[in-house]
Amino acid sequence: GTTFNRGITVVQFDTVNYLSIQTQSFDTFADTNYSNSLAVFLNNLPQRSLVAMLVIDEASNSLTQNARNAIKQFGSQYISKLGWRDSWALFGQKGNPIGSSLEKWIPSADSQRVTLDTNIIRPSLSGSVLSESFGPASQWTKASITSTVQPGELLRMYVLGNNSAGT
């Protein structure tokens with residue numbers, strides 16, 4: 001099993017299958033060197049990387065502004081407020097606008113743990129779309145489709161047509 005340590009733990013997920021790729025813990029309580037390592041780790045993740053980040057025990061003591069800025073790249077609106085023994089967790093993608101990720105922060109004075117609850121809808125791994133008839137195709141000069149294709153995905157387009165007899 002995965003061991004979570006004091007500080008901030010980051011779990012990176014595959015954006016196609018939502019499986020855990022790697023887990024790293026950074027003891028941002030103990031030493032700014034861990035905070036700097038956290039910033040380098042997050043800055044080196046590719047754009048649109050999907051992560052969960054969470055605080056175990058205490059994470060703010062040596063958490064640098066550089067590390068907080070790296071976390072903001074994932075849409076965090078509360079990391080700047082993180083204080084002594086606060087509870088905090090985030091689920092987001094690198095490049096998300098600030099405030100758009102699933103995130104919760106509870107000050108330590110409230111003596112509560114953070115819980116994030118969400119559903120992830122996994123897109124269909126295969127499928128098709130069939131349109132109404134349109135044409136005549138003999139007058140087309142080109143056909144195109146616009147779609148967002150993530151790493152590991154494939155999009156194919158097939159043009160099916162009727163002959164002049166309508167079959």
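A residue counts as partly exposed when its relative accessible area lies between the 20% under which it is buried and the 50% over which it is exposed. Tyrosine 78, at 24% relative accessibility, therefore counts as partly exposed. The model discussed here is predicted.

**Confidence**

The protein chain has an average pLDDT of 87. Of its residues, 84% score at least 70. Among the helices and strands, β2 has the lowest confidence, with a mean of 95. The highest belongs to α2, at 98.

**Helix α1**

Helix α1 covers residues 32–44, 13 residues in total. From first C-alpha to last, α1 reaches 18 Å. That is close to the 18 Å expected at 1.5 Å a residue. At the start of α1, aspartate 31 places a side-chain oxygen within 2.7 Å of the backbone nitrogen of asparagine 33.

Which residues of α1 are buried? They are Ser35, Leu38, Ala39, Phe41 and Leu42. Viewed down the axis of α1, these buried residues fall within an arc of 165°, so they line one face of the helix. Their packing partners are three strands, β1 (7–13), β2 (20–26) and β3 (50–56), together with helix α2 (65–72).

Leucine 38 gives a close-up of α1. Its relative accessible area is 0%, so leucine 38 is buried. Leaving aside residues up to four places away in sequence, leucine 38 touches Ile8, Val10, Phe26, Thr28, Leu63, Ala67 and Ile71. Glutamine 24 is 14 residues from leucine 38 in sequence. In space, their C-alpha atoms are 8.7 Å apart.

**A polar contact from β1**

Threonine 9 sits in strand β1. Its relative accessibility is 0%, so threonine 9 counts as buried. The threonine 9 side chain nevertheless has a polar partner: the side chain of serine 25, at 2.8 Å.

**Aromatic pairs**

How many aromatic pairs does the structure hold? There are four. One of them joins tyrosine 78 and tryptophan 105. Their ring centres are 5.9 Å apart and their planes meet at 25°. Stacked pairs have planes under 30 degrees apart, so this pair is stacked.

Tyrosine 78 lies in the loop between α2 and β4 (87–93), while tryptophan 105 belongs to strand β5 (residues 102–106). The pair therefore ties together parts that are 27 residues apart in sequence. Tryptophan 105 is at 24% relative accessibility, so this residue counts as partly exposed.

**Positive phi**

Most residues other than glycine have a negative phi. Aspartate 57 and serine 111, neither of them a glycine, have positive values. The table sets them side by side.

| Residue | Phi | Location | Relative accessible area |
|---|---|---|---|
| Aspartate 57 | about 65° | loop between β3 and α2 | 40%, partly exposed |
| Serine 111 | about 50° | segment after β5 | 67%, exposed |

Why does aspartate 57 count as partly exposed? Its relative accessible area is 40%, and the partly exposed class lies between the 20% and 50% cut-offs. Serine 111 is exposed because its 67% is over 50%.

How values were computed
Residues are numbered from 1 along each chain as its sequence is written. This is a predicted model: local features need pLDDT of at least 70, side-chain atom pairs count only at pLDDT 80 or more; totals for chains, interfaces and linings use all residues. Side-chain values use heavy atoms; hydrogens and water are left out. Helices (H or I, at least four residues) and strands (E, at least two) are DSSP runs, numbered from the N terminus. The expected span of a helix is 1.5 Å times one less than its number of residues. Buried means under 20% relative accessible area, exposed over 50%, partly exposed in between (1.4 Å probe, protein chains only). The arc is that of the directions from the helix axis to the C-beta atoms. Contact means heavy atoms within 4.5 Å. A polar contact is a pair of N or O atoms within 3.5 Å; within protein, one must be able to donate a hydrogen and the other to accept it, and residues adjacent in sequence count only if both atoms are side-chain atoms. Rings of Phe, Tyr and Trp (its six-membered ring) pair if their centres lie within 6.5 Å; planes under 30 degrees apart count as stacked, over 60 as edge-to-face and the rest as tilted. pLDDT is the predictor's confidence in each residue, from 0 to 100.
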